[in-house]
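Here are a few notes to read alongside the structure. Have a look at the picture, then go through the points in order.

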Amino acid sequence: MNVRDDNAATSQPKAVWAVAFASVIAFMGIGLVDPILKPIGEQLNATPSQVSLLFTSYMAVTGVAMLVTGVISSRFGAKKTLLSGLAIIIVFAALAGMSGSIGEIIGFRAGWGLGNALFIATALATIVGAATGGVAKAIILYEAALGIGIATGPLLGGVLGGISWRGPFFGVSVLMAVAFIAIVVLLPETPKSAHPTSITAPFKALRHKGLLTVSITALLYNFGFFTLLAFTPFPLDMGTYAIGFIFCGWGILLAVSSVFLAPKLQARFGSLPMMALSLGLFAIDLAVMGMFTEHKIVLIVGVVIAGAFLGVNNTLITEAVMISAPVERSTASAAYSFVRFGGGAAAPWVAGKLGEHNMSLPFWLGALCTAAAVAVLYIGRGALAHIDDHDPAPHSIEEAQAITVGD
């Protein structure tokens, strides 16, 4: 495989940067609530497992809605789908900020998840299709947006959460409105697809063993990922600013390893070995956190260095998804996301429930699930042997623009 250049392409169509910027804001929503989990629980008299349902409802609806994103996008065009997703997030984030009970926030986070699904699946396909330089550099842009969003989300949540737990929700609503305007102005109008996607397409795509393998792998390691994200603030038991800065450090390391470290390691060792190694190291990291849960410094270091392992894996597995099956990119993305968000939906509630009895158990379960992800990757390695032989052809600006308006 011709491995990605270390430098992500900077001379991209404006439409790519508009979608990338909106993606940063969308990904902020993932870690935004980390610093305010304990304040919400304290002020609304909610248990850790109840508060963790903010993640569960968000991820569950996002995963299920992924099944129809391709259907909607192919019938209404990428631009209308992206704008619909953003509009839904704007409304439900604001409603979450105005909530008076934990149940209301959980419900509005579910609505937020619907908008997130419409946006994220379409954004990935749009960036991959429109970026100059082909799939590899587009994935760098997408993963950089993910890393920046995840890094700044907790930081913004900490700053605004220091004022009120409602602040982060209103902050996202405002930022999404800015992203909405950017998409309206910079992304060309996209016509309906000549071949609308079937609602059964994601299920059919999962018949391909390569795509099924990476999807199940992601489901399992997402259990560890969201245990780290949704549960760690409880044993840390620190203020909103401190939690925000800790997870900001995690997100920064995730972004740096995604963009700079992953391509170097991929070039030298190959995609599958590095995916397995990064997941194995993440499993060990979680196990260490489980052994020393009572030591805050261990949890802090464990959270931050997990960013390096997850950043490498996220970049490589996202690229693998796009070339693991002979189906449209948007369909592959929808199928993969539907499966992987199952782990993201289950982990927060399960971790919170276990943590109410023993603070170490969630980390041990996360480590076990992540180790199982390595096993699945090993078992299915034959169906993914071709991913390091893939040679994405570079796109011209004209081709990129054509894909932007026609995908």
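1. Start with the nonpolar patch on the surface of this predicted model. About 610 Å² of surface belongs to this patch, and the residues making it are Leu277, Leu281, Ile284, Val288, Met291, Phe292 and Trp364.

2. Which helix gives the most to the patch? That's helix α12, which spans residues 271-291 and supplies five residues.

3. Methionine 291 is worth a click while you're there. Met291 is one of the patch residues and sits in helix α12. Is methionine 291 buried, partly exposed or exposed? Its relative accessible area is 46%, and since exposed means over 50% and buried means under 20%, methionine 291 counts as partly exposed.

4. Now move over to helix α5, residues 102-130, where you'll find glycine 107. Glycine 107 has a relative accessible area of 38%, so this residue is partly exposed too. For a sense of distance, try leucine 95: glycine 107 lies twelve residues from leucine 95 in sequence, and their C-alpha atoms are 9.7 Å apart in space.

5. On to the cysteines. How many disulfides does a search of the whole structure find? The count is zero. If you'd like two cysteines to look at anyway, try cysteine 248 and cysteine 369. Cysteine 248 has a relative accessible area of 9%, so it is buried. Cysteine 369, with a value of 15%, is buried as well; the cut-off for that word is under 20%.

Key
Residues numbered from 1 in each chain as written. Predicted model: local features only at pLDDT ≥ 70, side-chain atom pairs only at ≥ 80, totals over all residues. Heavy atoms only, no water. Patch = residues over 30% accessible without salt bridge, like charges linked within 9 Å, V, L, I, M, F, W, Y side chains within 5 Å. Areas by Shrake-Rupley, 256 points an atom, 1.4 Å probe, with all protein chains shown as cover. Salt bridge = Lys/Arg side-chain N within 4 Å of Asp/Glu carboxyl O. Helix = DSSP H or I, 4+ residues; strand = E, 2+ residues; numbered from the N terminus. Buried < 20%, exposed > 50% of the residue type's maximum accessible area, 1.4 Å probe, protein only. Disulfide = S-S within 2.5 Å.
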